[in-house]
Amino acid sequence: MDNIKYFSTRGENKAITASQAILKGIADDGGLFVPEKIPQLDIPLEKALSMSYQNLAYEVLKLFLTDYTKEELEYCIQNAYDSKFDTEEIAPVAEADGNYFLELFHGRTLAFKDMALSILPHLMITAAKKNNLDKKILILTATSGDTGKAALEGFANVENTAIAVFYPENGVSPIQRLQMTTQEGNNTYVAAVKGNFDDCQNTVKKIFMDKEITDEIDKKGYVFSSANSINIGRLLPQIVYYFYGYAQLVKKGVIKCGDKINFTVPTGNFGNILAGYYAKKMGLPVNKLICASNSNKVLFDFFQEGEYDKNRDFILTISPSMDILISSNLERLLYHLSNDCAKTSELMQSLNNKGKYTFDINTDEFAGEFTTEDETLQAINKVYKKGYTIDTHTAVAFSAYEKYVQKTGDTTPNITVSTASPFKFATDVCKAIDERYADKDPFVLLEELAVISGVEVPQQIKDINKRKVHHDKVCTIDGAVQFVLECC
Ligand SMILES: *Cc1c(COP(=O)(O)O)cnc(C)c1O
């Protein structure tokens, strides 16, 4: 097996190992770590398709995390994908009237972030030991709602770590907020920021790059790392479920092994869909990756026109985890498509200075679509009538998929990637199903949703409004630095 090294998309760093890349989170030059090449799955696809989630995870991760031993990887995987998930399948595919949904919300926090954040703490602690790190790790996380909680759950009470989460004060759902503010654990810190998600993400990136702050936490015995999808340790575990979803379509007899399928992915930071791209490069038979945006349709415009322009209003939508104008992981795609660090660096500088750049995106591997707020609600209603309840983010994807089919006539079988439980966004889901639920208390609606969807309220959020709030801090963007220093 090849030994895979990692280097920055912006080129300045020398190659480092996978475990070092996971520890660092982001490169010194501000770039993101990428593998020097994307390895091919080295077992026959047929064989991979009959594997358990855990065994498949091993087959994928061993090819990328080449400095981890077999025992280390198996330990990480077994401790990640266990009874924390409320189904043994980990990521089941549901069917509704010939439509397929890959459910990635069976982990502790009911969103797809659990797929990677259940394993990242184990990968990171293992990396710290392998590299003889004599410092504690302070995880800095910006969240549009779901990453924060998933990272808190993943790192709570993990030895030699602390975790600080920043979320936009007015940018998350009531249930998302409570999930974070009621978090337990003696190493967890949460602050609401007076700003939007991009402000949170930029602040975290700046703190990472600030020599004075890193020196100061160094004196206290800490180093920074990231649980955001800028960390390659977030991205790689997400490749697994593209294979696993494909396998289920084969098992259901929808396709034969080797047939191509499409995936439609509700996209914000471009991490999830990029993992799909990696899966394709590894040999998974994928036709199109359909990138679905909500009204913050900066990616749709980019795929349409080749210009990425974040200079526009930031719109708060009912799919808040996709309310993003700077899709960090697009940087990795630009690098892979151009194979040019200098070019990638130049584009990111232009994004930083002018808020935009142009790039000749001459790939037919992706298609971009977007979904309005009304269309999101209509999609929930439509799928509900087919006997299945989806959340607002999944609805953005489903509607985008239907538009894509209308435009192209592409009849390739499709999997819509389902990124959150409808219970997490019960208010809007119920409203979409029946107007009479509009403006009702979100916690009453959890019970109502259980009745109308025929699915019990997940244990993970049952009675969440009765739990004790441990984190009520609100800070300005400038106040974030002080908050970070107080975490260690
Ligand atoms: C994070 C998230 C997304 C967006 O995923 P990216 O990897 O940032 O593109 C979509 N839906 C939900 C529910 C999420 O939590």
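The following questions and answers deal with ring pairs, charges over rings and two loop residues in a predicted model.

User: What should be known about the model and its numbering?
Analyst: Residues are numbered from 1 along each chain as its sequence is written, and side-chain values use heavy atoms, with hydrogens and water left out. Because the model is predicted, local features need pLDDT of at least 70 and side-chain atom pairs count only at pLDDT 80 or more, while totals for chains, interfaces and linings use all residues.

User: How many aromatic pairs does a search of the whole structure find?
Analyst: The search finds 20. Rings of Phe, Tyr and Trp (its six-membered ring) pair if their centres lie within 6.5 Å; planes under 30 degrees apart count as stacked, over 60 as edge-to-face and the rest as tilted.

User: What makes Phe 64 and Tyr 278 a stacked pair?
Analyst: Their centres are 6.3 Å apart and their planes 20° apart. The limits are within 6.5 Å for a pair and under 30 degrees for stacked, so both are met.

User: Why is this pair said to tie parts together?
Analyst: Phe 64 lies in helix H3 (residues 53–64) and Tyr 278 in helix H13 (residues 271–282), so the pair joins parts that are 214 residues apart in sequence. Helices (H or I, at least four residues) and strands (E, at least two) are DSSP runs, numbered from the N terminus.

User: Is Phe 64 buried or exposed?
Analyst: Phe 64 has 0% relative accessibility, so it counts as buried. Buried means under 20% relative accessible area, exposed over 50%, partly exposed in between (1.4 Å probe, protein chains only). Tyr 278, also at 0%, is buried too.

User: Why is the pair of Phe 208 and Phe 224 called edge-to-face?
Analyst: The planes are 70° apart and the centres 5.8 Å apart; the angle is over 60, so the pair is edge-to-face. Phe 208 lies in helix H9 (residues 197–209) and Phe 224 in strand S8 (residues 222–226).

User: How do you know that the charged end of Lys 403 sits over the ring of Phe 370?
Analyst: The charged end of Lys 403 is 4.8 Å from the ring centre. The rule asks for NZ of Lys or CZ of Arg within 6 Å of the ring centre and within 35 degrees of the ring normal. Lys 297 also sits over the ring of Phe 370, at 5.2 Å from its centre.

User: Why is Asp 97 called exposed?
Analyst: Its relative accessibility is 54%, which is over 50%, so Asp 97 counts as exposed. Asp 97 is in the loop between strand S3 (93–96) and strand S4 (99–103), and its phi is near 55°, a positive value in a residue other than glycine.
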